[in-house]
Amino acid sequence: MKPDNYKKTLLLFISITLVLAFSFQGSRGLWEPDEGRYVRCASEMLKSGDWLTPRLNGNPHFSKPPLTYWVIASGLSLFGMNEWGVRIFYAIAFVVTALMVGYLGLRMWDKKTGLLSCLVYSTMVLPFTAANIITTDMFLTLFETAALLCFWLSLDAQPNGQRKKVLYASLMWFFLGLAFLTKGPPGLIPLAVIILYLMLTKNTRWL
């Protein structure tokens, strides 16, 4: 693919992703009970100043780890108590995840595959839905994708690039930690995939 065509196509795909991410975030109110519960916990964090213990109607609420509440509370603090404040970081997470999927496709194969990967992810129903509904899923996807990207960058580093290997491996564990803070044990599912891949490719030395 020619450089000029690649840049134009990349900008087009990014534009499509941005439109899909931001067009509907402020178009509706909260759906009960789930969206209301997440936002209520986040707003109580803001009011109480206690960001360590999620609370619902004043009572401790530990059905999910706190990271999603932190993100929603940050959006409310920055953009106000409205739908945009609630969902702005969902849109950003959707865009960043799509770009990471595209970059992973580029690094694993080529530019064309990277572009198509970004477009396919952006236009799939489930990621788009997750970006527009207040749950843990969009942030879980963001951090798990980041972890897998860092794993591949570490694995793909040049033999003399030991610092890069260690840096990307450390970032992989960091993002897996954020995924765990988002949804608990399901956040570590990519680790099983990574171990299986290393076993199948007989590259367990990387561990």
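Which residues form one aromatic cluster? In this predicted model, the members are Phe-151, Trp-152, Tyr-197 and Trp-206. Some of these names come back below, so the overall layout is worth setting out before the details.

The protein chain is built from nine helices and two strands. Read from the N terminus, the order is α-α-β-β-α-α-α-α-α-α-α, with the two strands coming after a pair of helices. Taken along the principal axes, the C-alpha atoms fit in a box of roughly 55 × 40 × 25 Å. Of the 207 residues in the chain, 41% are buried.

Back to the rings, then. Across the whole structure, the search turns up eight aromatic pairs. One of them joins Tyr-90 to Phe-139, a tilted arrangement with the centres 4.5 Å apart and 50 degrees between the planes. Tyr-90 belongs to helix H4 and Phe-139 to helix H7, so this pair ties together parts of the chain that are 49 residues apart in sequence. As for accessibility, Tyr-90 is buried, and Phe-139 is buried as well.

Helices H4 and H7 turn up again at the largest pocket, which holds about 170 Å³ of space. Helix H4 (83-108), helix H7 (137-155) and helix H9 (189-200) each give at least two residues to the lining of this pocket. The lining itself consists of Leu-104, Met-108, Leu-148, Phe-151, Trp-152, Val-193, Ile-194 and Tyr-197. Sorted by class, that makes eight nonpolar residues, with no polar and no charged ones. There is a link to the opening question here: Phe-151, Trp-152 and Tyr-197 are among the lining residues, and these three also sit in the aromatic cluster with Trp-206.

Helix H9 also contains Pro-190. This proline has a relative accessible area of 6%, so it counts as buried. Its C-alpha atom is 7.1 Å from that of Leu-148, although the two residues are 42 positions apart along the chain. Leu-148, in turn, is one of the residues lining the largest pocket.

Two aromatic rings have a basic residue over them. Lys-111 lies over the face of Tyr-6, 4.8 Å from the ring centre. At Tyr-38, the charged end of Arg-37 sits over the ring, at 5.8 Å from its centre.

What about the cysteines? How many disulfides does a search of the whole structure find? The count is zero. Take Cys-118: the closest cysteine sulfur belongs to Cys-150 and is 18 Å away, so the two are too far apart for a bond. Cys-118 is also buried, as its relative accessible area is 5%. Cys-41 counts as buried too, because its relative accessibility is 0%.

Finally, is Ser-48 buried or partly exposed? With a relative accessible area of 46%, Ser-48 is partly exposed. This serine is found in helix H2, which covers residues 34-48. Its C-alpha atom lies 9.3 Å from the C-alpha atom of Gly-58, a residue 10 positions away along the chain.

Conventions: Residues are numbered from 1 along each chain as its sequence is written. This is a predicted model: local features need pLDDT of at least 70, side-chain atom pairs count only at pLDDT 80 or more; totals for chains, interfaces and linings use all residues. Side-chain values use heavy atoms; hydrogens and water are left out. On a 1 Å grid over the protein atoms alone, a cavity is a set of points where a 1.4 Å probe fits but cannot get out, and a pocket is an open set with protein on both sides within 12 Å along at least five of seven lines; lining residues have an atom within 4 Å of a point. Grid points are joined across faces, edges and corners, and a volume is the space filled by probe spheres set on the points. Helices (H or I, at least four residues) and strands (E, at least two) are DSSP runs, numbered from the N terminus. Ala, Val, Leu, Ile, Met, Phe, Trp, Tyr, Cys and Pro count as nonpolar, Asp, Glu, Lys and Arg as charged, and the others, Gly among them, as polar. Rings of Phe, Tyr and Trp (its six-membered ring) pair if their centres lie within 6.5 Å; planes under 30 degrees apart count as stacked, over 60 as edge-to-face and the rest as tilted. Buried means under 20% relative accessible area, exposed over 50%, partly exposed in between (1.4 Å probe, protein chains only). A charge sits over a ring if NZ of Lys or CZ of Arg is within 6 Å of the ring centre and within 35 degrees of the ring normal. A disulfide is a pair of cysteine sulfur atoms within 2.5 Å.
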